[in-house]
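Q: Please take one part of this model and look at it closely, starting from a single side chain and working outward from there. I would like the reasoning to be explicit wherever a contact or a distance is used to support a conclusion.

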Amino acid sequence: MLKRNETLIKKKLWQYLIPSIMTNMAMQIGNVVDTILVGNILGKEAMSSVQIGSTVLLLIQIPGYMLGIGGCIVAAIRMGKRDIDGASGVFGGCLFAAAASGMAMMICAFFSNPIARMLTGGEGVLTGDVSSVIRVMFLGAPLLGIALVFLNFMEVDNHPKLTTMYVVVSNVINLLSDFLLLKYTSIGPAGSVLSTLIGYGAAMIVVIFYFRSPKRMLHLKLSFKALSTALLTGIPALLMIACQVVRNWLMNIMIIRYAGEDGTAIYTICLNLIMIAELFLGGIIEVMSKVGGVVYGEKDYFGLRSLSKNILKYSYIVLVGLMILLFIFAKQAAAIFGRDDPVLLEEAQPAIRIFIFALPFYVFCRFFSAYYQTTEKARLSNMIIVLELVVLLIPSVLVALNLASSNGTSAINATMAGMVVAEMLTVIVTTVVVKLTGKGQGMLRIPSGEEDVLDVSVGRNMAEVSAIPRDIISFCEGKLDPIRANQLAVAAEEMAANAVTYGGEGLSSIDVMLSFQDDKVLLRLRDNGIPFDPTDYSVDGDEFEFSGIELVRGLADDITYLRVLDFNNTTLEFSKGTISEAV
């Protein structure tokens, strides 16, 4: 029998991987360079002020992340189910909600002073700068929310390169504005936030190209029901940001108390090292929510396994190289954030070397949190987030700090050790819970019943196409009326042959998936050839002849087509019928 291969999934992974990595690189480089510029131009106190103020930025970004990530996943799943109107309702609803919530948040700018005092534990050296930083953040809330929604939806709607372009343009403008505002004005660390808003606003010109693109599948359609679904799906994103807010607040207070301002600066450096790791790792893992959502919506479990395996493999390959570099050049990494402070560099080196051992566990948590959210297992995603960022982190760090205090050892090194322990414990607890509750489904929790699915792949080869009917008839033996099985075999062969003949030079593989669902049989074909919609075509006898398509349309009860992830996705629906007595 023919077997399903990973050709199309791997091609799609790489097609989305590069833009996703570039997008994350541009975004994280912007964040890291922001911190570098603030630290080197204005000093470590200003750098700490921006880091403390980032707690408020996380709060402001909650609607954008929740709607962008949650809405993107819901839209991807609906596109996988061929429901474009439903996906468009999610898109329009998320944009409306992001704008409305952002405008409501602008009111909080009037309360920046008391919020700053709460974040710093009272009046202090950093309170004034923190107040100015968060005031600008609140005023830019609508723009940030809308931008985050567009970034997610453009990528899932066949435009990953436009997402990359948006982030690159916004960050180039951001960094130029950063240098000018920090170096030549008296705005102070708030200039870093203002330059970010200038970059995001200027880059909105990229959205014009998206709305004018003929490849765009989504349109603006407001659906409050779809919006509520997106919000529910986005709860893990909300929870993650809420936990990050709590983590940053409690960690800052603990570190200021036990390790002082230098400890806070080193902690800020380590958080930025996570951003450096996210340059690549974030881009790799985030492919799951875009490609994985569509694949999951199609119930392509083979594709989901393949995608997950390759995302994890590439993530850990990159991570090993990064850990080696950071261990060897720990002091140089710290120097980027404060070259003129030799004491800070000496203290930062061992702390960084301890901290990097948290990264393998961090990648595990990062991937499975994204995976469970994408595959509608929000409870597991929420569990990982809460364990990792609050429930296990704060007690682990607090115990480590108290032990360091009683033993007279480095408080900041103890903080890093506590973070490693917390990440490791999160992996252990998650694995145990998933194994105990998954009923033999493994960490991916793939639904059972796969024995009723036939998965095969053929190349651009008529000999392989002609073998498809044999596999379908063999698979249907004892499950389906022989006449219906023959009809399925003919339809699959005709559709695959048409793709091979007219798919163009870019076509490399065709996936054929046959599944039984209730009283229906679904025959799904996916290929990476040129766009062709079998439900809407005109025959030109001088150039092409699509007689086979007419035959298929006569055999199937229903036929739907969607161009998703730049694949031709065609689904043929047949009634199940009854098994012949002769079988």
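A: Cys243 is buried in this predicted model, with a relative accessible area of 7%, a value that falls under the 20% limit for that class. Its sulfur nevertheless has no bonding partner, because the closest cysteine sulfur, in Cys365, is 13 Å away and therefore too far for a bond, the limit for a disulfide being 2.5 Å. Cys270 is likewise in no disulfide, and here the nearest cysteine sulfur, again that of Cys365, is 18 Å away. Cys270 is buried as well, with a relative accessible area of 1%. A search of the whole structure agrees with these two cases, since it finds 0 disulfides.

From the cysteines, the account can move to a helix. Ile69 has its place in helix α2, and at 22% relative accessibility this residue counts as partly exposed, because the buried class ends at 20%. If residues up to four places away in sequence are left aside, Ile69 touches Gly64, Asn152, Ala237 and Gln373. Ile69 is also 9.3 Å from Lys290, C-alpha to C-alpha, although 221 residues of sequence lie between the two positions when they are counted as a separation.

Helix α2, which spans residues 44-80, also takes part in a helix crossing: its axis and that of helix α4 (residues 112-120) come within 10 Å and cross at roughly 115°. The handedness of this crossing is right-handed. On the α2 side, Ile52, Thr55 and Val56 form the contact, and they meet Ile115, Leu119 and Thr120 of α4. By residue class, this contact is made up of 4 nonpolar and 2 polar residues, with no charged residue among them.

Helix α14, residues 301-328, offers another buried position in Asn310, whose relative accessibility of 1% places it in the buried class. Outside the four positions on either side of it in sequence, Asn310 touches Glu6, Lys10 and Leu13.

Just as informative are two loop residues with an unusual backbone angle, for which the general background is that most residues other than glycine have a negative phi. Lys299, in the loop between α13 (287-297) and α14, has a phi near 60°, a positive value in a residue other than glycine, and at 40% relative accessibility it counts as partly exposed. Glu376 lies in the loop between α17 (359-374) and α18 (378-391), and its phi is also near 60°, again positive in a residue that is not glycine. In contrast to a buried side chain, Glu376 is exposed, with a relative accessible area of 52%, a value over the 50% limit.

A further loop, the one between α20 (411-437) and β1, contains Leu444. At 17% relative accessibility Leu444 counts as buried, and its contacts, with residues up to four places away in sequence not counted, are Arg305, Ser308, Phe367, Phe368, Tyr371 and Lys377. The C-alpha atom of Leu444 is separated by 25 Å from that of Asp157, a residue 287 positions away along the chain.

That loop leads to the sheet. It is an open sheet of 5 strands in the order β1-β2-β3-β5-β4, and the pairing is antiparallel. Its edge strands are β1 (453-459) and β4 (558-564), each of which pairs on one side only. Averaged over the sheet and with direction ignored, neighbouring strands are turned by 15° against each other.

The pairing of β1 can be followed residue by residue. β1 and β2, the latter covering residues 509-517, pair in the antiparallel sense over 7 bridges. Within this pair, Ser457 stands opposite Asp511 in β2, while Gly459 stands opposite Ser509 in β2. Although β1 is an edge strand, 6 of its 7 residues are buried, so β1 is largely enclosed by the rest of the structure.

Methods:
Residues are numbered from 1 along each chain as its sequence is written. This is a predicted model: local features need pLDDT of at least 70, side-chain atom pairs count only at pLDDT 80 or more; totals for chains, interfaces and linings use all residues. Side-chain values use heavy atoms; hydrogens and water are left out. Two strands pair if DSSP finds at least two bridges between them. Helices (H or I, at least four residues) and strands (E, at least two) are DSSP runs, numbered from the N terminus. Axes are lines fitted to C-alpha atoms, for helices over the stretch in contact, and angles run from 0 to 180 degrees between N-to-C directions. A crossing is left-handed if the near helix is turned anticlockwise from the far one by less than a right angle, and right-handed if clockwise. Contact means heavy atoms within 4.5 Å. Ala, Val, Leu, Ile, Met, Phe, Trp, Tyr, Cys and Pro count as nonpolar, Asp, Glu, Lys and Arg as charged, and the others, Gly among them, as polar. Buried means under 20% relative accessible area, exposed over 50%, partly exposed in between (1.4 Å probe, protein chains only).
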